[in-house]
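Student: I am new to this structure and would love a close look at a single part. Could you walk me through one helix?

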Amino acid sequence: MAIKEELKEEVKEEGGGKDELEALDALEKEAAEYNKDAEIDRILKAFKLDAYAVLDLQPGVPESEIKLCYRKKSLLIHPDKTSNPRAPDAFDRLKKAQTELMDEKQRTTLDECIADARMLLMRERKLTVDSEGVKNPDKEFKEAWRRKTVEVLVDNEQRRRKQIKAQMQEEGREQRKVDEEVESRKRRRDHEVQWEQTREGRIGSWRDFQQKTKEEPGKKKKKMKVLG
């Protein structure tokens, strides 16, 4: 029997009235809101590049557990079920984390980063896979592993952004080349059109010159007077 029902039974057995039952309901609602607020706060504080941390799951869990965890948490913090103003942000982050873990490629990348972080931590501490602290990690090792995972994920994200930036710059250069070629072709076309449009005028001027020359066949050049 649920705790709530047990308390209600106790109140009834002790002769409690409607006011006490309403007080129990109010306490339950308050506790539920506290749980929602606590979960919203946890999600927003979790490292968002680590989808496992956002969902509060251990790496390597099966898809069925990911789906179940998401379903429970999404129902708990759904914006329609709480007045917490940060619920929409937490819900969106939760949904994004679930989507990433359900995507095989993204999940593989995350798992590789987590494995790299474990290997780096082992090297720093001069441990091997057979070391007791690795086979049966304590709380301190797990926390250190998570911190190292954050470092690896941040480094990975920085490299990804640099690659995107470099790609965009290269695409920008290629686009400028295309734009310059288009502009050059346009200038050539405009010049050809203008040349063609003035063709009749040039021919007419030449004809006028020829005609004028024919009309003055006997005209001689003036001799220059020699001085002295």
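Student: Which residues are buried in α4?

Tutor: Happy to help! This is a predicted model, in which local features need pLDDT of at least 70 and side-chain atom pairs count only at pLDDT 80 or more, while totals for chains, interfaces and linings use all residues. Residues are numbered from 1 along each chain as its sequence is written, and side-chain values use heavy atoms, with hydrogens and water left out.

In α4, the buried residues are I66, C69, Y70, K73, S74 and I77. Buried means under 20% relative accessible area and exposed over 50%, with partly exposed in between (1.4 Å probe, protein chains only). Seen down the axis of α4, the buried residues fall within an arc of 125 degrees, so they line one face of the helix; the arc is that of the directions from the helix axis to the C-beta atoms. On the other side of α4, S64, K72 and L75 are exposed.

Now for a neighbour. The axes of α4 (residues 63–77) and α5 (residues 87–102) come within 10 Å and cross at roughly 170 degrees. That makes α4 roughly antiparallel to α5 (angles over 145 degrees count as such). On the α4 side, the contact (heavy atoms within 4.5 Å) is made by E63, I66, K67, Y70, K73, S74 and I77. On the α5 side, the residues include F91, L94 and M102.

Note on methods. Axes fitted to C-alpha atoms, helices over the stretch in contact; angles between N-to-C directions. Helix = DSSP H or I, 4+ residues; strand = E, 2+ residues; numbered from the N terminus. Parallel < 35°, antiparallel > 145°, perpendicular 65-115°, else oblique.
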